[in-house]
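Trainee: Could you take me through how to read this model, beginning with a chain on its own and then turning to its partners?

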There are 2 protein chains.
Amino acid sequence: MDTTHRTEQQRAAEQRRRELLEAADRVVLRDGPRASMNTIAAEAGITKPILYRHFGDKGGLYRALAKRHTDALLGALRAALDAPADRRRRVEATLDTYLAAIEARPQVYRFLMHPAEDAGQQPEHGFDVGRHSAPLLRRMGEELAEVIAERVDLGEGGEALARVWGHGIVGMMHAAGDWWLGERPCGRAALVSALADLLWGRLAEADDRADGPRF
Amino acid sequence: MDTTHRTEQQRAAEQRRRELLEAADRVVLRDGPRASMNTIAAEAGITKPILYRHFGDKGGLYRALAKRHTDALLGALRAALDAPADRRRRVEATLDTYLAAIEARPQVYRFLMHPAEDAGQQPEHGFDVGRHSAPLLRRMGEELAEVIAERVDLGEGGEALARVWGHGIVGMMHAAGDWWLGERPCGRAALVSALADLLWGRLAEADDRADGPRF
DNA sequence: TGCGCATGTTACTAACGGTAACGGAAGTCT
DNA sequence: AGACTTCCGTTACCGTTAGTAACATGCGCA
């Protein structure tokens, strides 16, 4: 068997796969996460079974599609997290990077946050629980936890603390960003500043209101 | 027209509606958010069109179902938030109440967190963006924001700050809870303590590690 | 020429959400 | 009593979806 020919075909297949993904991208960005396989196939100029030969099932295609965007966003976040500045500025830069990304391409964001649909069903256990979050959120949480654990001295049990904080901070960023994207109550810089203030303990430091019940 | 008869019928309809909701509850708790209308109807001992006459469409049924659980959980959270104790203890009690709820009935939690599916489609704008979060998260965020705004003195622009924080804290709680429910890396009390520490600014106060790059 | 193999198609199944059309059982009005 | 409305319930259907089976075609290679 000719090896060069083999790789030639493999290269062609990967090229094809990229084309299909780009077509899928266009459709998903236009129709949202409910884009049908038929529509995607039509956009790519082919028919359904080819999509299924390349990606297995709809989940496979969506996972492949999500991986590209997720990797891109995670790269940008890592860069912000690694910038040469003090901790507060790094946190703000990371928050701003995430918010800028979801602001610039909200459809991509919407697609990435859509839960995994199914992935694999195990009818024995009923359905999976504690897996509502999108894979993107999980990955961001793990990465942030790693960065915190390796750079911040948290003493005894610091590792566990860092993991909780990683997922917690990512969830804070996500929820606030989603709400902000829907209501646009303020500018991005104000949102970043408010979230950083929250992480810096301003809630704990603030006094109770004089004219109301204490909190 | 006999009014007593009219209300009699209304009462019967509401009773029926409750029965249908309970049947739907059983199915959703067993099959997850992807329970079909046919299955729900079968569980209730009837057929599909009756469900549609009562709830309009699948979204209507799911919304009615979600409202019950959401109201119950929000009630519990309000109680924790209003307990007579200092702020740190209230925050911890609220976190613990939420986590205890999702721990005790994870299927309900999973169902509630499932985004709205569709609600109403407006093909003009493409698809809605910035509305990924479940209604439960939005409501929790708004409630918490209200409590913070009315009880904590945040000075100039405190209202906006409180809203950001409300949604941010709820998102933190949600993401950390979801991750915790999936991996069970520690006990509930430890998670509560770690999250409260995060809100109390321990991340900002901690030193850089001596043996690694600074953060 | 014939073999293997990847690529493409058409045509199908099963399930879903949702709806139209019909049937019967009550009570109500004349 | 008999016609009229109003629910409650059914069966049978529609359009769309994910996913698949079966068949056709073009290519390198012995």
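Mentor: Please keep in mind that this is a predicted model. A chain is best approached through its secondary structure, and chain A has ten helices and two strands, which from the N terminus on follow the order α-α-α-α-α-α-α-β-α-α-α-β. Of the 215 residues of chain A, 33% count as buried, and among contacts between residues at least 6 apart in sequence, 53% join residues at least 24 apart.

Trainee: Where in chain A does UniProt place the feature "domain: HTH tetR-type"?

Mentor: An annotation is read as a span and then compared with the coordinates. The unreviewed UniProt entry puts this feature at residues 14-73 of chain A; in the model that span is 82% helix and 0% strand, and its end C-alpha atoms lie 23 Å apart.

Trainee: How many residues of chain A are in contact with chain B?

Mentor: An interface is read from both sides: 61 residues of chain A are in contact with 63 residues of chain B. On the side of chain A, the elements giving two or more residues include helix H6 (106-113), helix H7 (135-151), helix H8 (158-183) and helix H9 (188-199), and H8(A) supplies the largest share, 18 residues. By residue class, that side of chain A divides into 34 nonpolar, 14 polar and 13 charged residues.

Trainee: In which sense do E2(A) and strand E1 of chain B pair?

Mentor: Strands may pair across chains, and here E2(A) and strand E1 (residues 152-153) of chain B do so in the antiparallel sense over two bridges. Within E1(B), B:Asp153 is the bridge partner of A:Asp207.

Trainee: What turn and what shift lay chain A on chain B?

Mentor: Two copies of a chain are related by a rotation about an axis and a shift along it. In this model, a turn of 180 degrees with a shift of 0.0 Å along the axis lays chain A on chain B with an RMSD of 0.1 Å, which is the relation of a two-fold axis. The same surface serves both copies, since 100% of the contact residues of chain A recur in chain B.

Trainee: Which residues are closest to DNA strand D?

Mentor: For a nucleic acid partner, one lists the surrounding residues and then the elements that carry them. DNA strand D is surrounded by 17 residues, of which the closest are A:Ser36, A:Asp57, A:Lys58, B:Thr47 and B:Pro49. Two or more residues each come from helix H2 (37-43) and helix H3 (48-55) of chain A, and from helix H1 (3-31) and helix H3 (48-55) of chain B. This surface divides into eight nonpolar, four polar and five charged residues.

Terms used: Residues are numbered from 1 along each chain as its sequence is written. Chains are lettered from A and ligands numbered from 1 in the order in which they are written. This is a predicted model: local features need pLDDT of at least 70, side-chain atom pairs count only at pLDDT 80 or more; totals for chains, interfaces and linings use all residues. UniProt positions are given in the numbering used here, feature names are shortened, and annotations may be inferred rather than shown by experiment. Helices (H or I, at least four residues) and strands (E, at least two) are DSSP runs, numbered from the N terminus. Two residues are in contact if their C-beta atoms, placed from the backbone, lie within 7 Å. Ala, Val, Leu, Ile, Met, Phe, Trp, Tyr, Cys and Pro count as nonpolar, Asp, Glu, Lys and Arg as charged, and the others, Gly among them, as polar. Two strands pair if DSSP finds at least two bridges between them. Copies are superposed by least squares on the C-alpha atoms of residues with pLDDT of at least 70 in both. A residue is near a molecule or strand if its C-beta atom, placed from the backbone, lies within 6 Å of it. A residue is buried if 20 or more other C-beta atoms lie within 10 Å of its own, exposed if 12 or fewer, and partly exposed in between; C-beta atoms are placed from the backbone.
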